[in-house]
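Colleague: Before I rely on any of the labels attached to this structure, I would like to hear the reasoning behind them.
Modeller: Then let us look at it together and take the labels in turn.

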Amino acid sequence: NQPLSVVDPEIAEVLDLELGRQRDYLEMIASENFVPVSVLQSQGSVLTNKYAEGYPGRRYYGGCEFVDVAENLAIERAKSLFGAAYANVQPHSGASANAAVLSAIATPGDTILGLELAHGGHLTHGMKLNFSGKLYNAVSYGVNPETFQVDMDVVRDKALEHKPQVIIAGWSAYPRHLDFAAFRAIADEVGAKLWVDMAHFAGLVAAGLHPSPVPFADVVSSTVHKTIGGPRSGFIVSRDTELAKALNSNVFPGQQGGPLMHVIAAKATAFKIAATEEFRDRQARTLRGAALLAERLTAADTREAGIDVLTGGTDVHLVLADLRNSKIDGKQAEDVLHEALITVNRNSVPFDPRPPMVTSGLRIGTPALATRGFGDVEFTEVSDIIAQALLGADVAPLRERVQALTSRFPLYPELQQ
Ligand code: PLP
């Protein structure tokens with residue numbers, strides 16, 4: 001039982017280098033965050049050794065008395081956080097939560113209606129190479145070509161045209177609130193189940209800073225590692241227990257075998273943290289940061305250079321930079337920001353004239369920096385650094401400005417490098 005640095009120095013080096021990267025760059029990938037040390041502790045714990053197929057009190061293995069406590073805590077905390085009557089905390093990831101949801105509420109061959117992938121939807125909402133597009137008849141609604149927002153009249157028309165069994169509301173790259181009540185009304189009109197995938201905005205919902213889908217949807221799925229800032233994993237909640245049996249059996253044994261008990265324990269801790277005032281403050285800083293960034297990227301100098309923001313602003317933790325009219329494309333923008341020590345991802349914008357490997361957009365998120373401690377002053381500074389980088393300013397002084405920020409907000413000071 002030697003330490004990692006002795007057993008496998010090559011992997012130990014990867015861990016060291018990755019910690020250094022996370023410390024030295026400004027992490028602005030909208031789906032990423034930094035888990036607290038308490039979550040790292042559970043994930044690197046002896047709970048990883050335990051098989052616990054089944055559910056608390058009904059396991060197919062002995063010795064589950066302690067992991068049952070962890071799973072029950074995670075379930076109860078998820079329910080209380082989201083005002084739900086049902087929670088399943090076993091999904092290994094957002095995608096496996098979504099696979100379980102679909103298999104619980106639809107039959108292969110059924111029609112599912114979700115937001116078009118190229119307009120900000122997710123792979124699991126009907127992409128043709130994904131299980132959702134292979135097993136189901138996937139149809140989609142897009143955003144309005146003028147406003148770039150989801151138009152509920154279009155969703156309704158599509159629903160009336162295709163008569164889906166499932167309507168999906170949720171996104172991976174969309175900067176506005178969705179109208180869950182309107183989705184509910186349309187689902188009722190066509191006799192569809194409404195499934196909301198709140199993977200991206202769940203932390204904002206938990207903090208009460210985003211409308212909750214739970215009262216409106218038949219079922220809500222999520223990840224834990226985006227705005228919530230917990231371990232990489234998924235979960236499912238529902239306002240009532242009508243689908244409890246179907247959902248549970250479609251997670252296990254439907255999609256998964258043994259649950260990851262170390263991750264489930266870490267989820268319990270993440271949900272506990274998400275109920276605190278400190279968490280709410282962090283989500284509020286996340287939103288302010290995104291609003292400040294949208295404001296900076298729509299200022300006169302960026303606009304003149306053809307740089308803009310889709311929908312003109314944001315309601316959430318991310319901004320979609322619109323580079324359709326700028327000389328700099330998504331790939332070049334991602335690269336120049338990387339040189340300036342800022343990590344973002346390029347992203348196709350709806351109706352993108354450039355190819356998918358190039359793109360005309362950037363998806364820029366603020367959750368990880370809010371977790372790092374950033375507030376208005378720092379987000380104003382970061383926003384200007386991004387704007388200057390996109391405008392072609394000399395990168396060396398921008399790197400220095402980033403380094404001034406990263407050194408003022410040390411990441412994981414308790415971890416050795
Ligand atoms: N659902 C949405 C809306 C997402 O954005 C994502 C992640 O990108 C997922 C599901 C899938 O999560 P995971 O990567 O954990 O499978």
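Colleague: Which residues does Ser-172 touch, not counting residues up to four places away in sequence?
Modeller: Bearing in mind that this is a predicted model, Ser-172 touches Gly-120, Gly-121, His-122 and His-200. A contact here requires C-beta atoms within 7 Å, and Ser-172 itself is found in the loop between E7 and H8.

Colleague: What makes Ser-172 count as buried?
Modeller: The cut-off for a buried residue is 20 or more other C-beta atoms within 10 Å, and Ser-172 has 22 such neighbours, so it counts as buried.

Colleague: How do you know that strand E7 is largely enclosed by the rest of the structure?
Modeller: The strand covers residues 166–170, and 5 of its 5 residues are buried, so E7 is largely enclosed. In a regular strand the side chains alternate between the two faces of the sheet. In E7, Val-166, Ile-168 and Gly-170 on one side are buried, as are Ile-167 and Ala-169 on the other, and both faces are thus covered.

Colleague: What makes E7 a paired partner of both E5 and E8?
Modeller: Pairing needs at least two bridges between the strands. Strand E5 (residues 111–115) is joined to E7 by 2 bridges, and strand E8 (residues 193–197) is joined to E7 by 5 bridges, so both pairs satisfy the definition. E5 and E7 run parallel, and E7 and E8 also run parallel. Within these pairs, Leu-113 stands opposite Ile-167, while Ile-168 has Trp-195 in E8 as its bridge partner. E7 and E8, together with helix H8 (residues 180–190), make a right-handed β-α-β unit.

Colleague: Why is Lys-226 called buried, and where is its place?
Modeller: Lys-226 has 27 other C-beta atoms within 10 Å, and therefore it is buried, the threshold being 20 or more. Its place is in the loop between strand E9 (219–223) and strand E10 (234–238). Lys-226 touches, among others, Ser-31, Asn-33, Ala-199 and His-200. The unreviewed UniProt entry places the feature "modified residue: N6-(pyridoxal phosphate)lysine" at Lys-226, although such annotations may be inferred rather than shown by experiment.

Colleague: How do the residues of the shell around the ligand divide into nonpolar, polar and charged?
Modeller: The shell divides into 3 nonpolar, 11 polar and 1 charged, with Gly counted among the polar residues. In total 15 residues surround the ligand, and the closest are Ser-93, Gly-94, Ala-95, Ser-172 and Ala-199. Helix H5 (residues 94–105) contributes the largest share of this shell, 3 residues.

Methods:
Residues are numbered from 1 along each chain as its sequence is written. This is a predicted model: local features need pLDDT of at least 70, side-chain atom pairs count only at pLDDT 80 or more; totals for chains, interfaces and linings use all residues. Helices (H or I, at least four residues) and strands (E, at least two) are DSSP runs, numbered from the N terminus. A residue is buried if 20 or more other C-beta atoms lie within 10 Å of its own, exposed if 12 or fewer, and partly exposed in between; C-beta atoms are placed from the backbone. Two residues are in contact if their C-beta atoms, placed from the backbone, lie within 7 Å. A residue is near a molecule or strand if its C-beta atom, placed from the backbone, lies within 6 Å of it. A crossover is right-handed if, with the strands pointing away from the viewer, the path from the first strand over the helix to the second runs clockwise.
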